[in-house]
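Let's take a friendly walk through this model, from its strand pairings to its pocket. Keep the structure open beside the text as you read.

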Amino acid sequence: MTTTVSSGSSTTVSGTTQSGFVVRGGGTLNVSGGGKASSIAVSSGGVVNVKSGSASGIVLSSGGAKYAANGARLYTYSGATVTGVTVFSGAEINNRGGVLSNVTVSSGGFAQEFGNSYGPSKDYYTTVANGGEFSVQAGASSISATVSSGGIYTVHSGAIISGLDITSGSLLTFADFKAGSSMSASVSGSTLNVYSAGKLVQSVGLDTTAYNGHTFDVSASSGQYDSGGIRVTVCYLSKTMILTPDGEKAVETLQIGDLVMVKRNGKLQPEPIRWVGRRFVDVKASADPDKWPVCIKANALADNIPHKDLRVTSEHCLHLNDLMVPARMLVNGRSITTDTSESFFEIFHVELETHGVLIADGAEAESYLDTGNRTSFEQTGDVVRLNNQTWVSDAAAPLGVNREQVEPLYSALLERATKLDIGETSHPAEQTDDHDLHLVTTDNTVIYPSRTMQGSVLFQIQPGVTSVRLVSRSSRPADVIGPFVDDRRNLGVLVGQIKLWDSTICHSITSHLSASEDAGWYAETNGETRWTNGNALVSLGNRNADAIGMLEVQVLNAGPYLLESQDDSALQLSFG
C-alpha cells in the first residue's frame, strides 16, 4: 500500500514502521519519535523531515535546475539516521545534525551538510556523480565519499574529511579562502593540504597515497553554490620522460607536431608526433591482474635502462631483441612487477606517422599502433584513418608473444634482477594438481564423486536432476606456468566424453560441445574436447523420472592450480 502526501497535507511516522510513500506538491512527511519510514519517492514541492527517527530508500526527483526553489527536499536533524538516498536534478538534501549513509548525488542534484550551528552532522559513503554537488560545512564530518569526474565537492573551513576518493577530473572547492598567488595545494601521504602564504589552512584526508608528492592548480571557484572560494582541479600526472631532440620531456607535455626521437634501423632520428591520446583508468574494482600497470624498475633491462622506474600498461610493448613484447609477459616479481600502488591513473599514447620505437625513461618502447581502440582516448587534433592497423602489416617490429620467444628474455631479466639484487625475492605461490571436481545442481546441492577410474570421475545423480554444473579449481596458465605463456584463460578441467547411465540405458551427453562460452566452456579444442572455466553447465536431457543415474565425466587434463584464495566454490555459486 502506498501513502500519497500532497497539496499542503502532512503525515507523521512516529513510534511505528511504515513503507511506501509518495510526497509531492506541498506535501510533508515527518519521521520522529523513533519512527521508521522506507521506500519514499519525493517530487517537486515535496518535503521529508527526519527527526529522531530513521528513513531509507529515498528518491528525490524534481526535474528542474539545480538549487530550484520548489525542488524536492530532505531535511535531517539530530537523532536522525538516513540511508540509501538518491538525489536527482533540482532536488536537495540539508543535513542538520543527522547521520547519512550511501547517498548518491546525481547530475543537477545538490546536498549540503551543516555542523556547528545544528550539531555534528555526518555522512558515510556518499557518491557525487558527474554534475552533482556536495557541500560540507564547518563541524560536519564526511567519511569515505567518492567524487566522480565532473562532480563538485566543497569543503568549508573546519569541516572534517577522511577517506575521500577524488577521481581525476573532479572538482574540490574550499569555500572560505580567496584565490591568489599565496594559495597552494599539495598532497603528503594521503592528506591533501591547502596553504595560504605557506601556512596550513585546511586538510582533507584521502583514501589513497597515489597522489603523494603531487601539487595541484588553485584558482577562483565559480559556478557552484559556494562560489567565491578556491578550486583545486585534481589530475594524476604521468611523469614518463620521452626523449626528444631537446632532451627528455614529460609525456603529458607533448603535443601534435612536437619532435621526438625514434629508433629505426638501429639509429635514432627525430620525427613529428601525429596524434596524442590520453585516458583515465580506474582499476579499483577490477579483479583482472592485467588491468593494473606494470613497473619496470630502474636498471631492470640493462645498466641505466630504464634510468628510473618506468610504468606502462600491461599490454604496452617493450622493444627487446628486435621484438615487441607486452610488458605483462615479463613480470618476474622483482625487477618487473605488477604495480597495485595506484588504482587510478592516466595513460598517454603518442602516435607517429608510422609505428616506431620511442625512448621512454631510457628504455625502448613502442609508439601507438591503432588496432581499433583510438576512440577510448581523449584526442588532441583530428585524425582520420579508414582502416585499423595490424601487427602483421604495420608494426615497427614483430609482436613477440610465443613462449619460445619470450621465456628466454624473461629468464635473462630475472637472472639479472637476482644478480643485482633488484627488488625483493618473490616466493612462488603454492600449487596443486588436485582439480577438486564436483557437481552443483540447480538448488545448489553439491554432489561429490562416487569414485574415480581410468581418468573418469563418476557421480550419482538423483531423479529429477536434469542439469548440473561441473565445478572445480581453476587457474590461468600465465599464472601457474609463467607470464611468458600467453594463455590467460581461467582453465578448470579438459573434458572429453560425458556419459549418463539411467537405469540400464547409457546416454552419450554432447550438449557441452555446442554450449556457449557463457555456459562456462571455452572454444572447442578439436571438436571432441573442451576446457571448462571451473564452473560449466551440462544439460542431461530427458531422463527417466524415477531413475537414479550415474554420470561419468572424462577428465583429460587438469592443473596445476594456485592454492591461494581457493575457497569452496560450491558455497559461492548460484545456478543460472
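A good place to begin is Leu 439, whose bridge partner in strand 46 is Leu 470. That pair belongs to an antiparallel pairing of strand 42 with strand 46 (residues 467-471), made over three bridges. This is a predicted model, in which local features need pLDDT of at least 70 and side-chain atom pairs count only at pLDDT 80 or more, while totals for chains, interfaces and linings use all residues. Residues are numbered from 1 along each chain as its sequence is written, and side-chain values use heavy atoms, with hydrogens and water left out.

Two terms will come up throughout. Helices (H or I, at least four residues) and strands (E, at least two) are DSSP runs, numbered from the N terminus. Two strands count as paired if DSSP finds at least two bridges between them.

**Sheets and strand pairs**

Strands 42 and 46 sit within an open sheet of four strands, ordered 43-42-46-50 and paired antiparallel. Strand 43 (446-447) and strand 50 (535-539) each have a single partner strand, so one side of each is left without a neighbour in the sheet.

Another open sheet has three strands in the order 33-32-36, again with antiparallel pairing. Its edges are strand 33 (310-312) and strand 36, each of which pairs on one side only. From one strand to the next the twist averages 25°, where axes are lines fitted to C-alpha atoms (for helices over the stretch in contact) and angles run from 0 to 180 degrees between N-to-C directions.

Parallel pairing appears towards the start of the numbering. Strand 5 (residues 36-42) runs parallel to strand 3 (residues 17-23), joined to it by six bridges, and six bridges also join strand 5 to strand 7 (residues 54-60), again in parallel.

The table collects four strand pairs, each with an example of residues that stand opposite one another.

| Strand pair | Direction | Bridges | Example partners |
|---|---|---|---|
| 3 and 5 | parallel | six | Thr 17 and Lys 36 |
| 5 and 7 | parallel | six | Ile 40 and Ile 58 |
| 32 and 33 | antiparallel | three | Cys 295 and Arg 311 |
| 47 and 48 | antiparallel | five | Leu 500 and His 507 |

Strand 47 (residues 493-502) and strand 48 (residues 505-509) also make a hairpin with two residues between them, and Ser 503 in that turn has a positive phi of about 60°.

**Loops worth a look**

Which residue has a positive phi of about 50° although it is not a glycine? That is Asn 321, found in the loop between strand 34 (317-320) and strand 35 (323-326).

Two cis peptide bonds are also worth finding. One runs from Ile 305 to Pro 306, with omega near -10°, and Pro 306 lies in the loop between strand 32 and strand 33. Another runs from Gly 559 to Pro 560, with omega near 0°; Pro 560 is in the loop between strand 51 (549-558) and strand 52 (561-562).

His 435 occupies the loop between strand 41 (431-432) and strand 42 (438-440). Beyond its neighbours within four places in sequence, His 435 is in contact (heavy atoms within 4.5 Å) with several residues, including Val 457, Arg 473, Val 493 and Tyr 561. His 435 and Gly 534 are 99 residues apart in sequence, yet 9.1 Å apart in space from C-alpha to C-alpha.

**The largest pocket**

On a 1 Å grid over the protein atoms alone, a pocket is an open set of points with protein on both sides within 12 Å along at least five of seven lines, and lining residues have an atom within 4 Å of a point. The largest pocket holds about 870 Å³ of space, a volume being the space filled by probe spheres set on the points.

Its lining has 33 residues, with Val 331, Gly 333, Ala 478, Asp 479 and Pro 483 lying nearest the centre. Strand 36 (336-338), helix 2 (403-420) and helix 3 (477-480) are the elements that give two or more residues to this lining. Helix 3 gives the most, with three residues.

Domain 2 (236-420) and domain 3 (431-562) each supply at least three lining residues; these bounds come from an automatic or database domain assignment.

Definitions and conventions:
On a 1 Å grid over the protein atoms alone, a cavity is a set of points where a 1.4 Å probe fits but cannot get out, and a pocket is an open set with protein on both sides within 12 Å along at least five of seven lines; lining residues have an atom within 4 Å of a point.
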